[in-house]
Amino acid sequence: MTNITIAIDGFSSTGKSTVAKLLAKALGYIYVDSGAMYRAVTFYAMQHNFIEENYLFEEALVKSLDDIFISFKHNEELGFSEVFLNNVNIEKEIRTLEVSNFVSTIAAIPEVRRKLVIQQQDMGKAKGVVMDGRDIGTVVFPYAELKIFMTASAETRAQRRFQELIDRGDEVHFEEVLDNVIKRDYIDSTREDSPLIQAEDAVLFNNSNFSIEEQFEKVLNLAKSII
Ligand code: C5P
């Protein structure tokens, strides 16, 4: 069996990470949640008051990028990796709607992208990796052997995200989650640097009517047909 690189891109809350984690586990690959890295930078910006009201002190954030160290550590109990910012576990903190509301603005900054893409390419250099995000098949690993572009209707995606937040105990309304999903998709798809687009050689997968088990089976079969 050869080790390959699997890139899973797509719109917000399409369930990319759920499928990517299952796939990585089944293949014995590492899983990298690249969105968590953009969320970590956003959390850092909030912690350091680089975001006030709705204003971002972009220059100050860019100047501080060398002070931001992002890492992942596998949590045996949970069965997946958690993200750390300067050695502090911030897995829970980065999943809030507050971070979601600002992350696409931060992810549009070229200097931020440059830093994170270098780290992502380094994490995947040994292959045997499943990475999900927005530009994995187009920018991070343009030569990935398998590229999947996931999509689903905005309502389906917002409903999944809303349920996740409610399950965590967050107080949110469906409408604000839907708004966030639509807004993030717009910013991610229209930014100048590495916009969210389907790579020419990616397999398009609309998973609106698929259960998690069915999605997993489909992507596993795609991977097995190559490996
Ligand atoms: O995957 P997740 O929804 O957690 O990603 C959060 C945000 O990070 C996205 O909406 C996007 O703005 C940004 N992102 C990105 N490129 C990636 C992964 C995430 O721009 N490869």
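Modeller: Happy to walk through this one. A helix here is a DSSP run of H or I with at least four residues, a strand is a run of E with at least two, and numbering goes from the N terminus. This is a predicted model, where local features need pLDDT of at least 70, side-chain atom pairs count only at pLDDT 80 or more, and totals for chains, interfaces and linings use all residues. Residues are numbered from 1 along each chain as its sequence is written.

Colleague: What phi does Gly 28 take?

Modeller: Helix H1 spans residues 16–27. Just after H1, Gly 28 has a positive phi of about 75°.

Colleague: What arc do the buried residues of H1 cover around the axis?

Modeller: Buried means 20 or more other C-beta atoms (placed from the backbone) within 10 Å of a residue's own, exposed 12 or fewer, and partly exposed in between. In H1, Lys 16, Val 19, Ala 20, Leu 23, Ala 24 and Leu 27 are buried. They lie on the same side of H1, because the arc, taken from the directions from the helix axis to the C-beta atoms, is only 130°.

Colleague: Which helix gives the most residues to the shell around the ligand?

Modeller: A residue is near the ligand if its C-beta atom, placed from the backbone, lies within 6 Å of it. Of the 14 residues around the ligand, Gly 35, Tyr 38, Ala 107, Gly 133 and Arg 134 come nearest. Helices H2, H4 and H8 each give two or more residues. With 4 residues, the top contributor is H2.

Colleague: Is Asn 207 buried or exposed?

Modeller: Asn 207 sits in the loop between strand S10 and helix H9. With 22 other C-beta atoms within 10 Å, Asn 207 is buried.

Methods
Expected span 1.5 Å × (residues − 1).
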